[in-house]
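Please keep the coordinates open while reading, since the paragraphs below move from one helix to its surroundings, then to the loops, and finally to the pockets.

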Amino acid sequence: MERWINKVAVITGASSGIGATIVKALVKKNVKVVGLARRLENMEKIKNDLNNDKRDLFFPIKCDVSKEEDILNSFKWIEENLKSVDILVNNAALGTKYLCIESSTENIRNVVDLNLIGPTICIRETIRIMKEKNSPGHIFNIASILGQNIQIFHGITFNLYGPTKFALKAISDVIELELESIKSPIKVTTIYPGLVKTEMPPPIAFKVFPYLDADDISDAVLYALSTPPHVQIKELTITPLQTYQREENEQ
């Protein structure tokens, strides 16, 4: 991880859950981290909770990743103030309880804009900067096991959440091939978490199924970042051990 010291990482969905945990993990490794999320107050609290010597490494920006203007303004600020982007973690995502067969077009578009269009714009802007700075950077797309196998829980399929995560993997493939065609050293990694204890899934899910912690996903990001330049971690699927029984103090 030494080569990433003082480099710049951009994390979407940085106000809670997996995104917030990745922020803390990278800051601990002395990476400059820009957090993009709608809930600026949550990110400010994360910043205040960091050790005094680490607070200056975290830069929260209010950004709705479903809106192109917000994304472009955020990357403009990053270019002007931090000069580079070396790591991108596309983590922001939306699932909804509305059934596709009953959902409004607005709800469908909201999921696609946040889970698919937004991450693609973030990748485009990141690679533009990486190419200008000749940075051998790393792009992460946080998908889901629902992007490998659609499931239903209590009559809920989470609308287009699963299909957009399938598509996020396809985007990873497209970007990787395009980078290869221009002989770029930028890496692309897709991570497929199983159920993770965050605020997104319905709380009852954690009483029914084994689950991961957000730290388990941030550890995977650190692992992929720590590989030497010639090693490409294309995909990581991370699921809870089905037979593991958590102690009460773990829940």
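Helices here are DSSP runs of H or I with at least four residues, numbered from the N terminus. The model is a predicted one, and a convenient place to enter it is helix α4, which covers residues 105-133 and contains Thr126.

How far apart are the end C-alpha atoms of α4, and does that separation agree or disagree with the expected span? At 1.5 Å a residue, the 29 residues of α4 should span 42 Å, and the end C-alpha atoms are 40 Å apart, which agrees. The helix nevertheless bends by about 40° at Asp113. Directly after α4 comes Asn134, whose phi is positive, near 55°.

Within this helix, is Thr126 buried or exposed? Its relative accessible area is 0%, and because buried means under 20%, Thr126 is buried. Leaving out residues up to four places away in sequence, Thr126 touches Phe75, Val85, Leu88 and Ile139.

A second view of α4 is offered by Val65, a residue of the loop between β3 (58-62) and α3. Val65 has a relative accessibility of 5% and therefore counts as buried. Its contacts, once neighbours within four places in sequence are set aside, are Thr12, Ile71, Ala92, Asp113, Leu114, Gly118, Pro119 and Cys122; one of these, Asp113, is the residue at which α4 bends. The C-alpha atoms of Val65 and Gly118 are separated by 5.2 Å, although the two residues are 53 apart along the chain.

Two lysines in loops deserve attention for their backbone angles. Lys83, in the loop between α3 (68-81) and β4 (87-90), has a positive phi of about 75° although it is not a glycine. Lys83 has a relative accessible area of 47%, so it is classed as partly exposed. Lys183, which belongs to the loop between α5 (161-181) and β6 (187-193), is likewise not a glycine and has a positive phi of about 55°. With a relative accessibility of 75%, Lys183 counts as exposed, because the exposed class begins over 50%.

The remaining part of this walk concerns empty space. Rolling a probe the size of a water molecule over the atoms shows where such space is left. The largest pocket has a volume of about 1,300 Å³, and 48 residues line it, with Tyr161, Val196, Thr198, Met200 and Pro201 lying nearest its centre. Which elements each supply at least two residues of this lining? They are α1 (17-28), β2 (32-37) and α5, and α1 gives the largest share, which is three residues. By class, the lining of the largest pocket consists of 28 nonpolar, 14 polar and six charged residues.

The second largest pocket holds about 270 Å³ of space. Of the 14 residues that line this second largest pocket, Phe206, Phe209, Pro210, Tyr211 and Arg246 are the closest to its centre. Divided by class, the lining of the second largest pocket has eight nonpolar, three polar and three charged residues.

Terms used:
Residues are numbered from 1 along each chain as its sequence is written. This is a predicted model: local features need pLDDT of at least 70, side-chain atom pairs count only at pLDDT 80 or more; totals for chains, interfaces and linings use all residues. Side-chain values use heavy atoms; hydrogens and water are left out. Buried means under 20% relative accessible area, exposed over 50%, partly exposed in between (1.4 Å probe, protein chains only). Contact means heavy atoms within 4.5 Å. The expected span of a helix is 1.5 Å times one less than its number of residues. The bend at a residue is the angle between axes fitted to the seven residues ending there and the seven starting there. On a 1 Å grid over the protein atoms alone, a cavity is a set of points where a 1.4 Å probe fits but cannot get out, and a pocket is an open set with protein on both sides within 12 Å along at least five of seven lines; lining residues have an atom within 4 Å of a point. Grid points are joined across faces, edges and corners, and a volume is the space filled by probe spheres set on the points. Ala, Val, Leu, Ile, Met, Phe, Trp, Tyr, Cys and Pro count as nonpolar, Asp, Glu, Lys and Arg as charged, and the others, Gly among them, as polar.
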